[in-house]
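Let's take a walk through this model together. Have the sequence and the 3D view open, and follow along strand by strand before we turn to the ligand.

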Amino acid sequence: MLLSVLRGSIEWASTTQGERDMAETASLQIEDKIIQLPIIVGSEDEKALDISKLRAETGYITLDQGYGNTGSCQSDITFIDGDKGILRYRGYAIEDLAANSSFIETAYLLIWGELPNADELREFSALFTKHQMLREGIKHHFNLFPPNSPPMAVLSSALNALACYYPELLDIEDAATFTEASARIMSKVRTIAAYSHRQQLGHRIEYPHPDKQFAENFLHMMFSEPYNQFEPDPALVKALDLIFLLHADHEQNCSTSTVRMVGSSEANLFASVAAGVGALWGPLHGGANVAVVNMLERISAENLSVTDFVRQVKDKKAGIRLMGFGHRVYKNFDPRANIIKKSCEEVLEKLHIDDPMLDIAKELEAVALQDDYFVQRKLYPNVDFYSGVILRALGIPKEMFTVIFAIGRMPGWIAQWYEESKSTKISRPRQVYTGSVERSYQPMVERS
Ligand code: CMC
């Protein structure tokens, strides 16, 4: 294999599989210099060139806008094969975990690398109950946000504010402090999220319930009233737990890379996950679940046919994307989308909900999957395509969809932050500067 690099070339040291297993370096020729680049091979045979000495040895850096070809770390946590549609947490297939595990157990797995035994799971769950309350002081923060504040803004601010209440957790130097900090964050984020919803409505805050499990407790804080305790159908609780589990980690995506980037400066866990919330908010990332439902609602409100809408997307002039389709890594079905779609159909049927949005979504999927535009670009439904529809069916308001994603992603961010904390290197990309070359300061009178 020979790839052109400017005026040079990069060549695998060997080409056959057997030889490649033996290969340890690739040679790169730049101008008349040949250097050896170490080849790093991951446990699933993913290959990378270690270019960390490239600039020192040649004066060149690599440029990869959007980082589509750049590995930022070596990680033991999550494996994705985007061409085959594979997602595994710590070696366990997402389908296996979705069928057999729970969000809390999966959170433990992500953070500690192994499934817990019964005692470990009990202790871990107990920490969530212990830390689910917010200090009264934090509660007052909610009163200061104006009505209708975006819950993602409230969530990010409240996570940062937590740092002020737990100064003893800012420097994590041992596993016990890390466990304490992570359980606090994962449990409180759910309380904060529910509070932000109540605050938006101008309703009284509902405290967490000591006997309810993670997802059920969240629904309780969202929907219970003093005169009417919310008793959800177990199918609904299970579906929400599954949504949390499916979002729990996804290797080096935009928000996780943000969390690791912030953490690499040795910033504390609270500040790092708060930054992750900001990155997740965007419609190309976690905000896509809101954008999908907006899109379905628009199609329905304007009485558009699905084929007309797809035509608008393909036309590109209107700048409309088929939200919930496409992925930087998956060039095949996003396995999470398949699981959510199935769960969505089951829950809607069980709760006897007939949602026209699901019908539009299914029709859109069918049309897009037959269309050359999407086929050629390998655009398939991603996790957000059906998650908005199911969250709607669960009675979760649209503004909370991305917050739900953030609650689910918290163990992934925490695990990734912890892994990053083992490295002593700050993340600091370089750039190719394209601005003015040096010039002299012009006094005001000389400027036109
Ligand atoms: N609808 C229409 N065209 C699309 C779409 C889409 N959803 N996604 C990509 N394309 C086209 C794009 O216009 C480009 O076409 P061309 O080659 O003619 O210029 C081509 O496909 C490649 O697109 P890209 O933007 O270079 O691909 P990317 O890997 O940088 O972007 C993405 C990935 C997820 C941002 C993008 O597919 C997208 O915007 N999807 C819609 C938003 C969405 O659903 N986001 C949730 C992602 S999954 C949850 C998460 O992990 O955050």
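## Strands, hairpins and a ligand

Start with alanine 26: its bridge partner in β4 is leucine 37. That pair belongs to a set of 6 bridges that join strand β3 (residues 25–30) to strand β4 (residues 33–41), and the two run antiparallel. Strands here are DSSP runs of E with at least two residues, numbered from the N terminus, and two of them pair if DSSP finds at least two bridges between them.

A quick word on ground rules: this is a predicted model, where local features need pLDDT of at least 70 and side-chain atom pairs count only at pLDDT 80 or more, while totals for chains, interfaces and linings use all residues. Residues are numbered from 1 along each chain as its sequence is written, and side-chain values use heavy atoms, with hydrogens and water left out.

Back to the strands. β3 and β4 make a hairpin with 2 residues between them, and glutamate 31 in the turn has a positive phi of about 50°. β4 is also joined to strand β5 (residues 47–49), by 3 bridges, again running antiparallel. In that pairing isoleucine 39 sits opposite leucine 49 of β5. β4 and β5 form a hairpin too, with 5 residues between them, and aspartate 45 in the turn has a positive phi of about 70°.

Further along, 3 strands form an open sheet in the order β6-β7-β8, with antiparallel pairing. β6 (78–81) and β8 (92–93) are at the edges with a single partner strand each, so one side of each has no neighbour in the sheet. β6 and β7 (residues 86–89) are joined by 4 bridges, and threonine 78 has tyrosine 89 in β7 as its bridge partner.

Now for the ligand. It is surrounded by 20 residues (each with a heavy atom within 4 Å of it), and the closest are His285, Lys316, Arg321, Leu322 and Tyr373. Here are some polar contacts, meaning pairs of N or O atoms within 3.5 Å:

| Ligand atom | Protein partner | Distance |
|---|---|---|
| oxygen | N or O atom in the side chain of histidine 285 | 2.4 Å |
| oxygen | polar backbone atom of glycine 324 | 2.8 Å |
| nitrogen | polar backbone atom of phenylalanine 325 | 2.9 Å |

The protein covers 75% of the 930 Å² of accessible area that the ligand has on its own (Shrake-Rupley method, 1.4 Å probe).

How far does the confidence go? Mean pLDDT (the predictor's confidence in each residue, from 0 to 100) is 91, and 95% of the residues reach 70 or more. Over residues 1–22, though, pLDDT stays under 50. Where pLDDT is low, the predicted coordinates should not be read in detail.

Key:
Polar contact = N/O pair within 3.5 Å; in protein donor to acceptor, adjacent residues only side chain to side chain. Contact = heavy atoms within 4.5 Å.
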